[in-house]
Amino acid sequence: MAIKATIYKADLSIADMDRNYYHEHSLTIARHPSETDERVMIRVLAYALHADPALAFTKDLFDVDEPALWLKDLTGAIDLWIEVGHPDEKRLLKAAGRAEKVIVYSYSATSSIWFKGIANKIERAKNVSVINIPSDISAQLEKMASRSMALQCTIQDGQVWLTDGTDTVLVEREALRGAV
């Protein structure tokens, strides 16, 4: 018998002054049995950073052909492909061919080692950006994870603040490739 996903619900209020985007989203996130709370929160953060009514969580770990999130246009073409973690170069090159833009959010202490291993291999994929979330920050985000969350994300002048009403985290982002 297969282990089923754990369902997380998040009410996410976004005030993105850099993009003039102010909206509330009710998110349903299926957490794969092998997924950590830390990874779930990085997916929520990625959603907040690229929020759009058409941005969607995918089957992700349940389907190897789908990213963590994607944004499709009305024709079904993929405008934005978002990966979380340390995907291999073959996956990134395939995504670069399928999507207009690919962004990877890495978040562990070994991200720089992983990136050094693939940097030359993905050089020709000009539409791939890699953003690292320092492990101490992702650990703070992990503490906010619960099956039912009320989160607020504020983005101004490139600074990202995420709060659950009790704790607030300033999310530093490091561009390993491309712009933040």
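When I say that two residues touch, I mean that they have heavy atoms within 4.5 Å of each other. Please also keep in mind throughout that what we are looking at is a predicted model.

With that in hand, let me start at Val-171, which sits in strand S10, residues 168-171. Leaving out residues up to four places away in sequence, Val-171 touches Leu-45, Ile-133, Ile-137, Leu-141 and Val-160. Is Val-171 buried or exposed? Its relative accessibility is 3%, and because the cut-off for buried is anything under 20%, Val-171 counts as buried. Another residue to find on the screen is Gln-140, which is 31 residues away from Val-171 in sequence, while the two C-alpha atoms are 9.5 Å apart in space.

Two of the residues that Val-171 touches, Leu-45 and Leu-141, also appear where two helices meet, and I would like to turn to that pair now. Helix H1 and helix H4, the latter covering residues 135-142, pack with their axes 8 Å apart and at an angle of about 95°, and that angle makes H1 roughly perpendicular to H4. On the H1 side the contact is made by Asp-37, Glu-38, Met-41, Ile-42 and Leu-45, and on the H4 side by Ser-135, Ser-138, Ala-139, Leu-141 and Glu-142. Sorted by class, this contact of H1 with H4 has 5 nonpolar, 2 polar and 3 charged residues.

Now to the interior. The largest nonpolar core has 42 residues, and those with the most contacts inside it are Leu-12, Tyr-105 and Leu-141. Which element gives the most to this core? That is helix H1, residues 37-49, with 9 residues. As for Leu-12, if we set aside its neighbours within four places in sequence, it is in contact with His-23, Glu-24, His-25, Leu-27, Val-44, Tyr-47, Ala-48, Leu-151, Cys-153 and Leu-162. Apart from the largest core lies another, of 17 residues, and among them are Ile-78, Val-102, Ile-118 and Ala-119.

Let me finish with the chain as a whole, which has 4 helices and 11 strands. Its radius of gyration is 16 Å, close to the 16 Å that the globule rule gives for 180 residues, so the chain is as compact as a globular protein of that length. The C-alpha trace spans about 50 × 45 × 35 Å along its principal axes, and buried residues make up 46% of the 180 residues. Finally, if we take the contacts between residues at least 6 apart in sequence, 55% of them join residues at least 24 apart.

Conventions
Residues numbered from 1 in each chain as written. Predicted model: local features only at pLDDT ≥ 70, side-chain atom pairs only at ≥ 80, totals over all residues. Heavy atoms only, no water. Core = buried A, V, L, I, M, F, W, Y, C linked by side-chain atoms within 4.5 Å. Buried < 20%, exposed > 50% of the residue type's maximum accessible area, 1.4 Å probe, protein only. Helix = DSSP H or I, 4+ residues; strand = E, 2+ residues; numbered from the N terminus. Axes fitted to C-alpha atoms, helices over the stretch in contact; angles between N-to-C directions. Parallel < 35°, antiparallel > 145°, perpendicular 65-115°, else oblique. Nonpolar A, V, L, I, M, F, W, Y, C, P; charged D, E, K, R; others polar. Rg over C-alpha atoms; globule rule 2.2 N^0.38 Å.
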